[in-house]
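Open the structure in your viewer and keep the selection tool ready. We will go stop by stop.

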Amino acid sequence: MGAPVIGRNKREKVCIVCEQQKQEGMFLFGHFLCLDCHQAIVHTNTDDPNYAFYVQQLRKMVTCKIYS
Ligand SMILES: [Zn+2]
């Protein structure tokens, strides 16, 4: 794990879900969500096992915001 330390000049776009650095994506709740994961979430059925994983990852960033 290990979230990147914030405090650098350039804002690193590391996806909250796949935890990889990506060029394209969007910021949600102050966290970066890459285009690939956004597409995956959109196209994943709610009864797909992967959906629970995405939701968990997204919930993580919302929780981070609350407790930070
Ligand atoms: Zn991603």
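Why does Gly25 count as partly exposed? Select Gly25 and look around: Gly25 has 18 C-beta neighbours inside 10 Å. A residue needs 20 or more to be buried and 12 or fewer to be exposed, so with 18 Gly25 counts as partly exposed. Keep in mind that this is a predicted model.

**The whole chain**

Zoom out. The chain has 68 residues, and 7% of them are buried. Colour by secondary structure: there are 2 helices and 2 strands. Starting at the N terminus, the order of elements is β-β-α-α. Contacts tell another part of the story. Of those between residues at least 6 apart in sequence, 20% join residues at least 24 apart.

**The strand pair**

Select residues 25–28, which form strand E1. Add residues 31–34, which form strand E2. E1 and E2 run antiparallel, and 4 bridges join them. Pick Met26 next. Its bridge partner in E2 is Leu33. In a regular strand, side chains alternate between the two faces of the sheet.

Now move to the turn. The hairpin of E1 and E2 has 2 residues between the strands. Phe29 in this hairpin has a positive phi, near 55 degrees. Most residues other than glycine have a negative phi.

**Back to Gly25**

Return to Gly25, which is found in strand E1. Show its contacts beyond four places in sequence. Gly25 touches Lys13, Cys15, Phe32, Leu33, Cys34, Leu35 and His38. Draw a distance from Gly25 to His38. These two are 13 residues apart in sequence, and their C-alpha atoms are 7.7 Å apart.

**The segment before E1**

Step back along the chain. Three stops wait here.

- Select Lys22, in the segment before E1. Lys22 is partly exposed, because 15 C-beta neighbours lie inside 10 Å, between the limits of 12 and 20. Beyond four places in sequence, Lys22 touches Lys13, Cys15, Cys34, Leu35 and Asp36. Cys34 is 12 residues away in sequence, and the C-alpha to C-alpha distance from Lys22 is 6.2 Å.
- Select Gln21, also in the segment before E1. Is Gln21 buried or exposed? Gln21 is exposed, because 12 other C-beta atoms lie within 10 Å and 12 or fewer is the cut-off. Leaving aside neighbours within four places, Gln21 is in contact with Glu12, Lys13 and Val14. Measure across to Leu33: Gln21 and Leu33 are 12 residues apart in sequence and 9.9 Å apart, C-alpha to C-alpha.
- Select Glu19, which is found in the segment before E1. Glu19 is not glycine, yet its phi is positive, near 60 degrees. Glu19 is partly exposed, with 14 other C-beta atoms within 10 Å.

**The core**

Which residues make up the largest nonpolar core? Select Ile16, Val17, Leu33, Cys34 and Cys37: these 5 residues form it. You have already met Leu33 as the bridge partner of Met26. Cys34 came up among the contacts of Lys22.

Finish on Cys37. Set aside residues up to four places away in sequence. Cys37 then touches Cys15, Val17 and Cys18. Val17 belongs to the core along with Cys37. Cys15 also appeared earlier, among the contacts of Gly25.

Notes. Residues are numbered from 1 along each chain as its sequence is written. This is a predicted model: local features need pLDDT of at least 70, side-chain atom pairs count only at pLDDT 80 or more; totals for chains, interfaces and linings use all residues. Two residues are in contact if their C-beta atoms, placed from the backbone, lie within 7 Å. A nonpolar core is a set of buried Ala, Val, Leu, Ile, Met, Phe, Trp, Tyr and Cys residues joined through C-beta atoms within 7 Å. Two strands pair if DSSP finds at least two bridges between them.
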